[in-house]
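Dear colleague,

Please find the structure below, handed over for your records. My notes on its core and on two backbone positions follow it.

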Amino acid sequence: MAKSLVTNSSRRPQVEPLPVEFANTLSAVRGCLVEGLGSPAELESWLRRHRDLFPEPGPLRKDELRAGEQQLAHARVLRDALRRLIAARVDRKVPDPWDIAHVNRASGMSQSWPVLVWRDAHAPGADSLCTADAVTHALSLIARSSVLLLSGEQGALLRSCRAPGCVLFFYRHHPRRAWCSSGCGNRARVARHHARRCVGDGK
Ligand SMILES: [Zn+2]
């Protein structure tokens, strides 16, 4: 599982649920936002690295995983809508109906079904086909996972990292987990220490 965390693996060793990993393709370094889906190739790469997190990785195994500008735009719009929905869930606010509609629309953009593959007389197998291209299907699966995560009990364990400058979300696997990464925990402790010193010094 850990090998799927190529992006930011040194900063975020914890593997998050698929929707959270996808939402975290927008990160921040020293106050500047960093776009993790900067090109169709980056989208393809992200999907390949995270395919083990998909509930149904069949279509993602194929060489057909080819993204174009249209799918990249679709991915970013879905990602941004998902970020706002997660933030609303974390902050217990009513989300924008447009974001809900967009995730629901993406959820239904592709359907899949199992097919029998039988080339060896003794070893029949199964594959899956889908109604859309592999990238659109993958985005549809992310949207479905998002619906389940946000609407289920696990949604109550979603958190925004409150470390200075961090824009990532995380799933609180452990009750004591307070940050997206140990690096953010250290930065937050340093910032608190500095703030206390400034107060103590009368600054
Ligand atoms: Zn963080």
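Helices (H or I, at least four residues) and strands (E, at least two) are taken as DSSP runs and numbered from the N terminus. This is a predicted model, in which local features need pLDDT of at least 70 and side-chain atom pairs count only at pLDDT 80 or more, while totals for chains, interfaces and linings use all residues. Residues are numbered from 1 along each chain as its sequence is written.

Arg 30 sits in the loop between strand 1 (26-29) and strand 2 (32-35). Its phi is near 50°, a positive value in a residue other than glycine. Arg 30 is exposed, with 6 other C-beta atoms within 10 Å. For this term, C-beta atoms are placed from the backbone, and a residue is buried with 20 or more others within 10 Å of its own, exposed with 12 or fewer, and partly exposed in between.

Arg 92, in the loop between helix 3 and helix 4, also is not a glycine and has a positive phi of about 55°. Arg 92 is exposed, with 7 other C-beta atoms within 10 Å.

The largest nonpolar core (buried Ala, Val, Leu, Ile, Met, Phe, Trp, Tyr and Cys residues joined through C-beta atoms within 7 Å) has 35 residues, of which Leu 78, Leu 82, Leu 139, Ile 142 and Cys 161 touch the most other members. Among the elements that each supply at least two residues of this core are helix 3 (69-91), helix 4 (97-107) and helix 5 (134-151). Helix 5 gives the largest share, 7 residues.

Yours sincerely
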